[in-house]
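Let's take a walk through this protein together. Keep the picture open beside the text and look up each residue as it comes along.

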Amino acid sequence: MADGIRATRREQALEALLDATLESLATDGFAAITTRGVAQRAGVSQGLQQHYFPTKAALIDAAINRLATRLLDEASRPVEGATERRRAELLLRRIWESYRSPALAVVAELLVLARTHPDTAQKTATTLVAVTDRVVAVAERALPTYAARPGFRDALLLALSAIRDTTTVARIAGTEPALPGPDAVITAFLQAVGESPRITPPARVRPAQPGSPGR
């Protein structure tokens with residue numbers, strides 16, 4: 001039992017440290033990260049942090065691996081929808097929302113960091129390629145008719161690039177007028193695979209009318 005408790009505590013400490021590292025990358029940037037600051041954010045002692053991750057580089061490396069696992073898990077989720085058009089819309093909107101999440105701000109930081117850190121560049125490239133391949137595989141299963149058409153992969157890659165780049169730039173206040181929205185990306189993809197560009201608006205909940213059930 002004692003071994004089980006120690007293993008659980010170890011796993012909890014590791015998760016806290018890696019989550020704190022990703023949060024620090026997203027909010028503070030690589031240059032401002034310190035191992036002491038990460039330990040404080042994680043709520044663990046710096047001695048424990050140094051036991052698991054002796055250097056800042058080791059901490060960042062492990063955090064990138066954790067991010068890669070999360071991205072791959074998210075990319076692997078199946079897409080539900082009555083028609084291929086609807087599934088295409090849902091898939092691209094889901095990816096858009098994923099890249100808008102605070103956690104994915106880490107990707108933007110890693111892209112900048114990769115310019116001057118070869119090891120980070122290699123890991124970032126490997127992660128992005130793996131995630132992209134997983135998304136393509138999910139799309140091929142969800143959209144078999146589209147996938148059989150010429151240019152499907154290129155159209156999907158263009159949509160993914162547009163989503164990634166737009167959501168990255170959108171983190172800079174005031175850039176919205178220069179950027180496309182999700183509907184524009186979805187329309188371009190549908191046109192590229194030979195579909196009518198009509199977009200299904202996101203579902204909205206209607207307010208209950210006076211006298212209706214539940215009022």
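**A tour of the helices**

Start with a pair of charges: Glu97 and Arg100 make a salt bridge, and their closest N and O atoms are 3.0 Å apart. The two residues sit three places apart in helix α5, so about one helical turn separates them. Glu97 is partly exposed, at 45% relative accessibility. Before going further, keep in mind that this is a predicted model.

Helix α5 holds another pair of this kind. Arg86 forms a salt bridge with Glu89, with 3.2 Å between the closest N and O atoms. Once again the partners are three residues apart in α5, which puts about one helical turn between them. Is Glu89 buried or exposed? With a relative accessibility of 0%, Glu89 counts as buried, because the cut-off for that is anything under 20%. Its partner Arg86 is partly exposed, with a relative accessible area of 23%.

Now look at α5 as a whole. This helix has 17 residues and reaches 24 Å from its first C-alpha to its last, close to the 24 Å expected at 1.5 Å a residue. Of those 17 residues, 13 are buried, so α5 is largely enclosed by the rest of the structure.

What is that rest made of? The protein has ten helices and zero strands, so reading from the N terminus you meet α elements from start to finish. Buried residues account for 37% of its 215 residues. As for how the chain folds back on itself, take the contacts with a separation of 6 or more: 66% of them join residues 24 or more positions apart. On the outside, the protein exposes about 12400 Å², and carbon and sulfur atoms supply 56% of that area.

Next, head for the inside. The largest nonpolar core has 54 residues, and the ones with the most contacts inside it are Leu143, Tyr146, Phe152, Leu156 and Phe189. Several helices give two or more residues to this core, including α1 (2–27), α7 (118–142), α9 (152–169) and α10 (182–192). Which element supplies the largest share? That would be α4, with nine residues.

So α4 deserves a closer look. Helix α4 covers residues 56–75, which makes 20 residues, and its reach from first C-alpha to last is 28 Å, close to the 28 Å expected at 1.5 Å a residue. Among its buried residues are Leu59, Ile60, Ile64, Leu67, Leu71 and Leu72.

There is a charged residue to find on α4 as well. Asp61 forms a salt bridge with Lys123, the closest N and O atoms being 3.2 Å apart. Asp61 belongs to helix α4 and Lys123 to helix α7, so this pair ties together parts that are 62 residues apart in sequence. Both ends are partly exposed: Asp61 has a relative accessible area of 31%, and Lys123 has one of 26%. A search of the whole structure turns up twelve salt bridges, and there is also a network of them linking Asp19, Arg66 and Arg70.

Back to the core, and to one of its well-connected members. Setting aside neighbours within four places in sequence, Leu143 is in contact with Glu84, Arg87, Ala88, Phe152 and Phe189. The last two of these partners have a story of their own. The whole structure contains one aromatic pair, and Phe152 and Phe189 form it: the pair is edge-to-face, with 6.1 Å from centre to centre and 70° between the planes. Phe152 lies in helix α9 and Phe189 in helix α10, so the pair ties together parts that are 37 residues apart in sequence. Both of these phenylalanines, Phe152 and Phe189, are buried.

One last stop is a glycine. Gly37 is found in helix α2, and with a relative accessible area of 27% it counts as partly exposed. Along the chain Gly37 and Ala20 are 17 residues apart, while their C-alpha atoms are separated by 8.9 Å.

Terms used: Residues are numbered from 1 along each chain as its sequence is written. This is a predicted model: local features need pLDDT of at least 70, side-chain atom pairs count only at pLDDT 80 or more; totals for chains, interfaces and linings use all residues. Side-chain values use heavy atoms; hydrogens and water are left out. Helices (H or I, at least four residues) and strands (E, at least two) are DSSP runs, numbered from the N terminus. The expected span of a helix is 1.5 Å times one less than its number of residues. Buried means under 20% relative accessible area, exposed over 50%, partly exposed in between (1.4 Å probe, protein chains only). A nonpolar core is a set of buried Ala, Val, Leu, Ile, Met, Phe, Trp, Tyr and Cys residues joined through side-chain atoms within 4.5 Å. Contact means heavy atoms within 4.5 Å. Accessible areas come from the Shrake-Rupley method with a 1.4 Å probe; for residues, only the protein chains shown count as cover. A salt bridge is a side-chain nitrogen of Lys or Arg within 4 Å of a carboxyl oxygen of Asp or Glu. Rings of Phe, Tyr and Trp (its six-membered ring) pair if their centres lie within 6.5 Å; planes under 30 degrees apart count as stacked, over 60 as edge-to-face and the rest as tilted.
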